[in-house]
Amino acid sequence: MKRSGNPGAEATNSSVAGPDCCGGLGNIDFRQADFCVMTRLLGYVDPLDPSFVAAVVTITFNPLYWNVVARWEHKTRKLSRAFGSPYLACYSLSVTILLLNFLRSHCFTQAMLSQPRMESLDTPAAYSLGLTLLGLGVVLVLSSFFALGFTGTFLGDYFGILKEARVTVFPFNILDNPMYWGSTANYLGWAIIPAPAGAVGSEARQPHGPAPDGAGGPHLHSGPPIRRALHR
């Protein structure tokens, strides 16, 4: 959009804007708000669990890391000069990305094993849905990898390693970012499928409903934990 030729037009429009609806946020009485949805959510999620925090940190950090490093390399070419070859630099970055992805998967698994589980997910329908999502995710990720190649998958274009033409074969002919969608489907399916009984490292809580009103978080059963948490 083109900026208006009158420099004061935007300020004038803002100054004559009508008052906020209902008088603004100052007139809202938060004491009368219904927090039942948040209470139910906290019955299924323990945000203070160290495994949950670690999973959130790795999920957030990983894409930030490789995007920042790749853009920095694109502007400076320092990695290519340090390794003496853009291919070696790209391969080195790919190793760190793979290691971080393994760490992310481990943290995600531990978080799913330690979090409360919804009883509605312990059904054949939920299990079938999880398998379907996993299958779809694997197809999208692998087909994207084969279409892009190794350097194309691991940000080779930022290192000056370009393909001869734009990739338009499956799955890029049906989705703009099939690898991201595939990874999302993998983790979602992974979360839905329950862990087998006796899964190694599982310290899961028993499947239960949300915490009762007034309970400040998920209810922990006093008996031995049942290892039926979310697992791949």
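This tour moves through a predicted model, selection by selection, and says what is found at each stop.

**Colour by confidence**

Begin by colouring the chain by pLDDT, which averages 78 over the protein, with 65% of the residues scoring at least 70. Among the helices, look for α4 (residues 78–83), where confidence is highest at a mean of 97, and then for α1 (residues 9–15), where the mean of 46 is the lowest. Select residues 7–17 next: the pLDDT is below 50 over this stretch, and beyond near neighbours in sequence the stretch has 2 contacts in the model. Residues 200–232 also have a pLDDT below 50, but this stretch has 90 contacts beyond near neighbours in sequence.

**Helix α5 and its two ends**

Now select residues 86–114, which form helix α5. The helix has 29 residues, and because each is expected to add 1.5 Å after the one before it, the expected span is 42 Å, which agrees with the 42 Å between its end C-alpha atoms. At the start of α5, show the side chain of Ser85, one oxygen of which reaches to within 3.2 Å of the backbone nitrogen of Tyr87.

Beyond the other end, move to Gln115, which is found in the loop between α5 and α6. Gln115 is buried, with a relative accessible area of 4%, and a polar atom of its side chain lies 2.7 Å from the backbone nitrogen of Asp46.

**The largest nonpolar core**

Select Trp66, Val69, Ala70, Leu79, Ala89, Cys90, Leu93, Ile97, Phe154, Leu155, Phe159 and Ile161 together, since these 12 residues make up the largest nonpolar core. Helices α3 (50–76) and α5 each supply at least two residues of this core, and α5 gives the most, with 4 residues. It may help to recall that an α-helix has 3.6 residues a turn, so residues three or four places apart point the same way.

Within this selection, centre on Cys90, which is found in helix α5 and counts as buried at 0% relative accessibility. Leaving aside residues up to four places away in sequence, Cys90 touches Thr151, Phe154, Gly156, Phe159 and Ile161; of these, Phe154, Phe159 and Ile161 also belong to the core. To see how distant parts of the chain come together here, draw the C-alpha to C-alpha distance from Cys90 to Gly152, which is 9.7 Å for two residues that are 62 apart in sequence.

**Backbone angles to inspect**

Most residues other than glycine have a negative phi, and most peptide bonds are trans. Three places in this model depart from that pattern and can be visited in turn.

- Arg77, in the loop between α3 and α4, has a positive phi near 60° and is partly exposed, with a relative accessible area of 27%.
- Leu155, in the loop between α6 and α7, has a positive phi near 65°; this member of the core counts as buried at 15% relative accessibility.
- Pro171 is likewise placed in the loop between α6 and α7, and the peptide bond leading to it from Phe170 is cis, with omega near 5°.

**Helix α6 and an annotated site**

Next, display helix α6 (residues 124–153) and select Leu136, which is found within it. UniProt, in an unreviewed entry, places the feature "binding site" at Gly135, Leu136 and Gly137, and such annotations may be inferred rather than shown by experiment. Leu136 counts as partly exposed at 46% relative accessibility, whereas Gly137, which also lies in helix α6, counts as buried at 0%. Show what surrounds Gly137: not counting residues up to four places away in sequence, Gly137 touches Gly182, Ala185 and Asn186.

For the last stop, stay on helix α6 and select Tyr127. At 40% relative accessibility, Tyr127 counts as partly exposed, and beyond residues up to four places away in sequence it touches Ile193 and Pro194. The C-alpha atoms of Tyr127 and Pro194 are separated by 7.5 Å, although the two residues are 67 apart along the chain.

Methods. Residues are numbered from 1 along each chain as its sequence is written. This is a predicted model: local features need pLDDT of at least 70, side-chain atom pairs count only at pLDDT 80 or more; totals for chains, interfaces and linings use all residues. Side-chain values use heavy atoms; hydrogens and water are left out. A polar contact is a pair of N or O atoms within 3.5 Å; within protein, one must be able to donate a hydrogen and the other to accept it, and residues adjacent in sequence count only if both atoms are side-chain atoms. Buried means under 20% relative accessible area, exposed over 50%, partly exposed in between (1.4 Å probe, protein chains only). Contact means heavy atoms within 4.5 Å. pLDDT is the predictor's confidence in each residue, from 0 to 100. A nonpolar core is a set of buried Ala, Val, Leu, Ile, Met, Phe, Trp, Tyr and Cys residues joined through side-chain atoms within 4.5 Å.
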